[in-house]
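Reader: I would like to go through this structure by question and answer. Please show it to me before we start.

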There are 2 protein chains.
Amino acid sequence: MKELLYLKDDQLKDLIEKIFVGYRETFSDSKKILDKYSIGLAHQKVIHLLSMYEGISISKLLAKLKVTKQSLNRVLKDLIKLEIIIFKKDEIDTRIKHVYLNEKGKKIFEEIFLLQKKRIYNALLDSSSEEVINFDKVLKKIING
Amino acid sequence: MKELLYLKDDQLKDLIEKIFVGYRETFSDSKKILDKYSIGLAHQKVIHLLSMYEGISISKLLAKLKVTKQSLNRVLKDLIKLEIIIFKKDEIDTRIKHVYLNEKGKKIFEEIFLLQKKRIYNALLDSSSEEVINFDKVLKKIING
DNA sequence: ATTATAGGTAAGTTATATTGACATATTATA
DNA sequence: TATAATATGTCAATATAACTTACCTATAAT
């Protein structure tokens, strides 16, 4: 049987450290823009998801973020104050609230994303198609644990 | 010129979400053990680094964690109370303090790591050598910005 | 002698999240 | 129709991890 070096504890530890650093750096590049609007990491994540999933419901947002209602509501209230999100009731099931970024919200997202994506963009640009595809594949497997 | 689909904004957004989820899941599997010892994520990170870099100095720990001295000191004090770390002065430059996990500390790390590594281990086991190597390569590029 | 480095500490504050309890409106189901 | 389940909101208290500002000692380097 083949020795799989990357399954050894030292390599796993190394990978775990890299996952931590990769996350931290990916979410810190845009800090200046967040400061400009007096928001933080939690707001950035919500804005990011709203940009990806337009009209997402509260409960789906909660499931993606894995935080409590109370936590999410604090953030949403800040975004309402900033006047960058709007709500629309579901036409069939009026209990459901759909959340959207408005025009101002989309602009602020673009400001944040412009800084944030650079790191990822450059890393992918510097990689082959296969490397990128495999990165995505393994990351998916880690997530789906 | 080739169309690089994965350099488009939608794909970059998707990858950023995955980086976030991958990090969160990787650092949440071991929560039960952390609770058992009444410590948190910040402690887990320090213990992880101490396990990787035996005898690391305070300033190098700070550089790796990118937190303030005050933040790190709170965590180290907890680890001292738990009786799982020891310090040794550098023999040449006595200003420098080297930090080590003691035997109890190493055991607690192994408890944490046993749960934490499963997710990564299984993902890598389910991947080809090339996929794993490419995952690591791209992650490195993301980190080195 | 002066400056730089390594580390520590105190007080106050902020960001993000939690638990637990309770409330309302709406929809689904027995 | 009565009851249960779902989607959402809110209050109060607490926890965790971080921050800023400021100041301190000890040691090493210039």
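Reader: Which base atom of DNA strand D does a polar side-chain atom of A:Gln70 lie 3.4 Å from?

Author: This is a predicted model, in which local features need pLDDT of at least 70 and side-chain atom pairs count only at pLDDT 80 or more, while totals for chains, interfaces and linings use all residues. Residues are numbered from 1 along each chain as its sequence is written, chains are lettered from A and ligands numbered from 1 in the order in which they are written, and side-chain values use heavy atoms, with hydrogens and water left out. A polar contact is a pair of N or O atoms within 3.5 Å; within protein, one must be able to donate a hydrogen and the other to accept it, and residues adjacent in sequence count only if both atoms are side-chain atoms. For the polar side-chain atom of A:Gln70, the partner in DNA strand D at 3.4 Å is a base oxygen.

Reader: Which atom of DNA strand D is 3.4 Å from a polar backbone atom of A:Ile58?

Author: In chain B, a backbone N or O atom of B:Ile92 lies 3.2 Å from a phosphate oxygen of the strand. For A:Ile58, the polar atom also belongs to the backbone, and its partner in DNA strand D is a phosphate oxygen.

Reader: How many residues surround DNA strand D?

Author: A residue is near the strand if one of its heavy atoms lies within 4 Å of it. The closest include A:Lys69, A:Lys97 and B:Gln70, and the full number is 24.

Reader: Which helix gives the most residues to the surface near DNA strand D?

Author: Helices are DSSP runs (H or I, at least four residues), numbered from the N terminus. Chain B contributes two or more residues from each of helix 3 (41–52) and helix 5 (69–81). The most, four residues, come from helix 5 of chain A.

Reader: What area is buried between chain A and chain B?

Author: Buried area is the accessible area (1.4 Å probe) that two parts lose on being put together, summed over both. Carbon and sulfur atoms give 69% of it here, and the total is about 6100 Å².

Reader: How many salt bridges does the rule find across the interface of chain A and chain B?

Author: A salt bridge is a side-chain nitrogen of Lys or Arg within 4 Å of a carboxyl oxygen of Asp or Glu. A:Glu25 forms one with B:Lys66, their closest N and O atoms being 3.1 Å apart. Across the interface of chain A and chain B, the number found is 12.
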